[in-house]
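Here's a quick briefing to read with the model open beside you. Have a look at the fold, then work through the notes below.

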Amino acid sequence: MVQRSCSCNVNRRFVTGSLLFSGLSTFPAPATKAWARVTHATARADDERFMRLALAEAALGDFPFGAIIEQSGRVLAKGHNSGKTANDPTAHGEIMAIRDFVAEHPANELEGATIYTTGEPCPMCMAAIIWTGLSRVVFAASIEELSTLLGQIMIKSDAIAAAAPFAQVEITGGVLSREALALFPR
Ligand SMILES: [Zn+2]
């Protein structure tokens, strides 16, 4: 695995933020060392294979978003956007995959697993991913790319992860992004 950058870039932004906050007496500057370790990594050999399973899930969704959770080559769970059919705006693909797993298994078995998702996790989903202990995120289309097609909350997944002092997350983006974007009607 080739790592092209590390937590440095993410942390640098927060160091700047903490300096700004340091001027406010009611908000002491957070310790820089408390920020999470977020690693950006290039794709692995099997990433496209698992992402194609997530793409197949996305094709089933109310909006074309899908996710699968994988560990040691096994697909543990899958989900697709069910916001309309479930009358639940939080029913994003990643959330549905997590719910699919915990409906049948202890939640702590998700720790260390990988989630493949056709869209970069939104802040809600990225927070859920961190709370479940998933340690690797592979996404297809980025938030920037998705924002050209539909509304997005413009906070990157690595920014959410970096703000969780207890988390260690590896993120790989851009795996089959063209295929993911092609699922949206033009
Ligand atoms: Zn989401």
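Start with H4, where Cys125, Met126, Ala128, Ile129, Ile130 and Thr132 are buried; buried means 20 or more other C-beta atoms within 10 Å of the residue's own, exposed means 12 or fewer, partly exposed is in between, and C-beta atoms are placed from the backbone. Helix and strand labels are DSSP runs numbered from the N terminus, with helices (H or I) of at least four residues and strands (E) of at least two. This is a predicted model, so local features need pLDDT of at least 70 and side-chain atom pairs count only at pLDDT 80 or more, while totals for chains, interfaces and linings use all residues. Residues are numbered from 1 along each chain as its sequence is written.

**Confidence**
- The mean pLDDT of the protein comes to 86, with 81% of its residues at 70 or more; pLDDT is the predictor's confidence in each residue, on a scale from 0 to 100.
- Over residues 1-33 the pLDDT drops below 50, and this stretch has 30 contacts in the model beyond near neighbours in sequence. A contact here means two C-beta atoms, placed from the backbone, within 7 Å.

**Helices H4 and H3**
- The cover over the buried residues of H4 includes H3, S5, S6, H6 and S7.
- Just after H4 comes Gly133, with a positive phi near 85°.
- H3 is mostly covered too, with seven of its ten residues buried. Those are Gly93, Glu94, Ile95, Met96, Ala97, Ile98 and Phe101.
- Covering the buried residues of H3 are, among others, H2, S3, strand S4 (74-80), S5 and H4.

**The nonpolar core**
- The largest nonpolar core holds 45 residues, and Met51, Ala97 and Ala161 have the most contacts inside it. Such a core is a set of buried Ala, Val, Leu, Ile, Met, Phe, Trp, Tyr and Cys residues joined through C-beta atoms within 7 Å.
- At least two residues of this core come from each of helix H2 (47-58), strand S3 (66-71), helix H3 (93-102), strand S5 (114-119), helix H4 (123-132), strand S6 (136-141), helix H6 (157-162) and strand S7 (168-172).
- Which residues does Met51 contact, leaving aside its neighbours within four places in sequence? They are Tyr116, Val138, Ala140, Val175 and Leu176.

**Strand pairing**
- S3 and S5 run antiparallel to each other and pair over four bridges, with Ala67 standing opposite Thr117 in S5. Pairing means that DSSP finds at least two bridges between the strands.
- S5 and S6 pair in the parallel sense over five bridges. Ile115 has Val137 in S6 as its bridge partner, and Gly119 stands opposite Ala141 in S6.
- The chain goes from S5 through H4 to S6 in a right-handed β-α-β crossover; right-handed means that, with the strands pointing away from the viewer, the path from the first strand over the helix to the second runs clockwise.
- S6 and S7 are also parallel, paired over three bridges, and here Val137 stands opposite Ile171 in S7.
- S6 is largely enclosed by the rest of the structure, because six of its six residues are buried. S5 is mostly covered, again with six of six residues buried.

**Zooming in on Gly119**
- Gly119 is found in strand S5, and counts as buried because 31 other C-beta atoms lie within 10 Å.
- Skipping residues up to four places away in sequence, Gly119 touches Phe65, Phe139, Ala140, Ala141, Leu146 and Ala180.
- Gly119 and Leu181 sit 62 residues apart in sequence, with their C-alpha atoms 8.7 Å apart in space.

**Positive phi outside glycine**
- Most residues other than glycine have a negative phi, which makes the next two worth a look.
- Asn87 has a positive phi near 50° and lies in the loop between S4 and H3.
- Is Asn87 buried or exposed? Asn87 is exposed, because there are just 8 other C-beta atoms within 10 Å.
- Leu176 has a positive phi of about 60° and is placed in the loop between S7 and helix H7 (177-182).
- Leu176 is buried, because 21 other C-beta atoms lie within 10 Å.
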